[in-house]
Each structure stands twice: as structure tokens, then as C-alpha cells.
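This report introduces one protein chain to a reader who is beginning the study of structure. Please keep the sequence and the three-dimensional view at hand while reading.

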Amino acid sequence: MAPHLDAPSPAGSLATDYNIPFRPAMSSALRAGTLTPAESRSSLSSCFEGDSVEGDFHMTRPLVPGVYVPTVCFFQQKTEDVDIDAIARHAVRLAHAGVRGLATQGSNGEAVHLTHAERQLVTATTRKALNEAGFSHIPIIVGCGTQSTRETIQYCREAWESGGDYALVLPPSYYASLFAPSSKTIIDYFTAVASASPIPIIIYNFPGAVNGLDLSSDVILDLAQHPKIVGVKLTCGNTGKLNRVASATREQSKNYNPYKPEFLVLGGSADFSIQSLIAGGHGVLAGLANIAPKACIETIELYKSGKYDEAQKIQETLSRGDWTAIQGGVVGVKAGMQAWMGYGGYARSPLPKPTAEQMKLWEEGFRDLVLLEKSL
């Protein structure tokens with residue numbers, strides 16, 4: 001397997017057939033906090049005004065084993081504008097808990113509800129908050145997948161421009177019935193995106209989000225040969241697939257380093273954290289860690305230290321809590337955060353606001369998990 005890149009490619013080294021204008025630095029609108037109403041109606045706090053936010057935006061931040069969090073995106077209750085103060089506070093809270101990295105514009109981040117400019121705003125806010133709190137070493141993974149190769153590359157470039165270190169990319173699916181053969185279309189798509197992107201790519205296999213399209217271990221291992229495809233998130237829950245990918249990429253590494261693998265294999269849900277580790281995975285990228293980052297970390301650390309019974313006990317609590325999160329989706333996760341942490345708010349329209357009955361249901365569903373989190 002070819003050595004993988006930890007750092008973004010220099011702007012001038014991009015070779016691509018896609019003639020997309022590339023801006024080698026963050027846009028002045030984001031840097032100064034002057035997005036126009038047409039770009040975003042989100043209010044900007046003074047944290048962006050007059051400051052240079054480029055300092056530590058682009059540096060080498062390797063992916064290491066552990067817990068990664070697809071962060072929730074927060075909105076102001078009355079206007080639904082992006083709430084950058086809440087985004088910044090939440091990112092720092094997760095960093096203090098000890099997570100290995102954050103992901104913006106994932107499923108929990110309501111990427112489908114955001115404009116291009118708002119996506120950049122969320123990532124830039126997260127990067128700046130981490131840097132200013134002393135966590136400049138923490139990488140940011142940015143969701144960049146969309147239906148066309150061209151726009152996905154654009155999202156990757158905007159992610160880099162906003163301080164992102166890696167791009168999390170779903171396969172396209174809208175015209176999947178026309179892919180012929182499907183595996184070649186998918187391989188061509190990821191290859192073109194990775195070759196043109198200024199940041200390395202993490203494959204996102206989540207059949208539930210792409211009309212049931214489920215990448216096989218053969219396709220993932222084929223893509224893993226690309227020097228800028230550096231990992232996979234498996235939300236499919238298939239631990240057999242996870243084992244095949246983890247073992248094959250480990251064997252193909254010239255000098256495998258378990259503390260800094262060339263190809264990072266992550267489970268996509270907290271309810272199979274231990275199972276992922278048993279299968280050879282390196283950790284999880286799990287939405288439940290928005291609520292209980294310490295519990296997610298503790299499960300993995302106990303397992304790695306050989307305390308299997310203790311790890312299993314916490315895993316059981318994680319799994320029950322994750323079932324509540326799975327049933328409620330981002331609406332339920334936000335409701336749980338609001339009930340137990342005093343912030344979270346509502347998802348953006350057209351997602352509905354939860355009823356009082358649902359709020360109570362989700363609050364109770366997360367009770368054991370939150371009590372565990374507070375005990376750590």
C-alpha cells in the first residue's frame with residue numbers, strides 16, 4: 001500500500017481535469033466575518049472580526065486511533081442562523097474530554113441544511129476555537145460528499161480553505177441505477193476526488209444515507225491504494241467487512257505503526273466500539289460522543305488495557321444510549337443535549353421541533369449514559 005499523506009498538498013501541486021477555481025487561502029469574508037446576507041444570514045461574533053485566522057490552520061495533524069466526534073451544528077432559536085458561539089464552546093468541551101478529532105458537516109452536523117458559505121463558517125469557527133483553546137493539534141474532518149464529482153472537489157477545497165484537514169466523502173447515489181458497472185463508477189469518483197482534493201480523503205460507507213449503496217471490502221481496499229485516501233468510516237455496522245479492511249491495510253503497510261496507522265479504520269457508531277476494536281479497527285467516529293465523549297473514550301481505553309469486563313459494562317450503557325440516539329436522530333441528540341447540558345436547541349427546518357412527550361422520552365433514554373459520563 002502506498003504511503004499516505006498527513007498534510008494537505010500545496011496549492012500549486014493540484015493536477016486535475018476539473019477546471020474549478022482554487023483559492024489558496026481562506027476567503028476574506030470568512031477571515032473578517034463579513035459574509036453577506038446572500039451567503040449566510042448567520043450572525044458572527046467578534047471572534048472573527050479583525051483577527052487573522054490563518055496562523056495554525058494548515059499544519060500536519062495525523063490521524064491517530066481513538067474517538068472522533070461528528071459534531072452537532074447549532075442554530076439560534078428564533079432565526080435559525082448558525083450559532084457560532086455554541087459551535088465554538090462545544091468543540092472546546094469535546095477537546096477537553098480527550099477526543100482525537102472532530103468532524104464537521106457529518107450527518108449530525110446537518111450539512112444538507114447548510115449553504116456552502118455556512119459550511120465554511122462552521123469549520124472555520126471550529127478550527128479557530130480549538131486553536132485558541134490550545135488544541136491546535138486536533139484534526140478536523142469535514143463532510144464533503146455530494147452527487148457530482150465536480151462539486152465534491154469544490155467542497156474539499158472549501159474545507160481546506162476553512163481549516164479542515166481531511167474530507168469525509170460519501171459515494172454518490174442519486175443516479176446509482178445508471179452506474180455501469182457500479183463499482184467502477186464509484187472507484188472512478190473517489191479516485192478523481194482524491195487526486196484533485198488539497199486534503200486527504202476518508203471514505204464514508206453509510207448505506208442508510210445513500211439509498212442502500214454499500215461499498216464492499218474489495219472496493220474499499222482498491223481505493224486504499226490511492227496515496228490520498230487515508231481511512232474509512234464504516235457506519236454499515238459490518239464488523240466482518242471492518243476486519244477484512246483493517247487486516248489487509250495493516251498487512252500492506254510497509255512499516256505498520258499501531259499508533260499512527262497509514263489507513264485509519266473507524267466504526268461509525270458507539271454501539272459497536274468494542275466490536276470494532278476486536279475486529280482490528282482503530283476507534284470510532286460516533287455521534288453519541290456529542291453527549292458522552294468521556295464514556296466513549298473510557299470504553300476504548302479499558303479494552304486496550306485488557307480490562308474487558310469493565311469495558312463490556314460501559315459498552316452496554318453506550319449501546320442503550322446509542323439506541324436512543326439512533327431512534328431520535330439529530331433531533332433526539334439535540335433534545336438530549338438540551339435536557340442534560342442546557343444547550344443543543346433545535347434542528348433546522350424542515351426538521352420538526354420535538355414535542356414535550358418526545359423531549360421527556362429522549363431525556364430518560366440518555367439518563368444512564370449521562371450519569372455515567374458525569375462519573376468519569
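The report proceeds from the whole chain to two helix pairs and then to three single residues.

**The chain as a whole**

The structure is a predicted model. The chain contains 12 helices and eight strands. It has 376 residues, of which 57% count as buried. The chain exposes about 15500 Å², and carbon and sulfur atoms supply 52% of this area. Contacts can also be sorted by separation along the sequence: among those between residues at least 6 apart, 76% join residues at least 24 apart.

**Two pairs of packed helices**

Helix H2 covers residues 84-97 and helix H3 covers residues 116-132; their axes come within 9 Å and cross at roughly 50°. H2 and H3 are therefore oblique to each other. Their crossing is right-handed. On the side of H2, the contact is made by Ile84, Ile87, Ala88, Ala91, Val92 and Ala95. On the side of H3, Leu121, Val122, Thr125, Thr126, Ala129 and Leu130 take part. Sorted by class, the contact of H2 with H3 has 10 nonpolar residues, two polar residues and no charged residues.

The second pair consists of helix H4, residues 149-161, and helix H5, residues 182-196, which pack at an angle of about 35° with their axes 9 Å apart. H4 passes H5 in a right-handed crossing. H4 contributes Thr149, Thr152, Ile153, Cys156 and Arg157 to the contact, while H5 contributes Tyr189, Ala192, Val193 and Ala196. The residues of this contact of H4 with H5 divide into six nonpolar, two polar and one charged.

**Three residues in their surroundings**

Is Val169 buried or exposed? Val169 lies in strand E4, which spans residues 166-169. Because its relative accessibility is 0%, Val169 counts as buried. Residues up to four places away in sequence are not counted among its contacts; beyond them, Val169 touches Cys144, Gly145, Thr152, Tyr189, Phe190, Ile201, Ile202, Ile203 and Tyr204. Two of these names have already appeared in the contact of H4 with H5: Thr152 of H4 and Tyr189 of H5.

Lys353 is placed in the loop between helix H10 (308-341) and helix H11 (356-365). Lys353 counts as partly exposed because its relative accessibility is 47%. Leaving aside neighbours within four places in sequence, Lys353 is in contact with Tyr346 and Gln358.

Ser216 also belongs to a loop, the one between strand E5 (201-205) and helix H6 (217-223). With a relative accessibility of 33%, Ser216 counts as partly exposed.

For each of these residues, the table sets a separation along the sequence beside a distance in space between C-alpha atoms.

| Residue pair | Separation in sequence | C-alpha to C-alpha distance |
|---|---|---|
| Val169 and Val193 | 24 residues | 9.0 Å |
| Lys353 and Ala335 | 18 residues | 9.2 Å |
| Ser216 and Lys241 | 25 residues | 7.4 Å |

Val193, the partner of Val169 in the table, is one of the H5 residues that make the contact with H4.

**Summary**

In this predicted model, H2 and H3 cross in a right-handed manner, and H4 likewise passes H5 in a right-handed crossing. Val169 counts as buried, whereas Lys353 counts as partly exposed, as does Ser216.

Key:
Residues are numbered from 1 along each chain as its sequence is written. This is a predicted model: local features need pLDDT of at least 70, side-chain atom pairs count only at pLDDT 80 or more; totals for chains, interfaces and linings use all residues. Side-chain values use heavy atoms; hydrogens and water are left out. Axes are lines fitted to C-alpha atoms, for helices over the stretch in contact, and angles run from 0 to 180 degrees between N-to-C directions. Helices (H or I, at least four residues) and strands (E, at least two) are DSSP runs, numbered from the N terminus. A crossing is left-handed if the near helix is turned anticlockwise from the far one by less than a right angle, and right-handed if clockwise. Contact means heavy atoms within 4.5 Å. Ala, Val, Leu, Ile, Met, Phe, Trp, Tyr, Cys and Pro count as nonpolar, Asp, Glu, Lys and Arg as charged, and the others, Gly among them, as polar. Angles under 35 degrees count as roughly parallel, over 145 as roughly antiparallel, 65 to 115 as roughly perpendicular and the rest as oblique. Buried means under 20% relative accessible area, exposed over 50%, partly exposed in between (1.4 Å probe, protein chains only). Accessible areas come from the Shrake-Rupley method with a 1.4 Å probe; for residues, only the protein chains shown count as cover.
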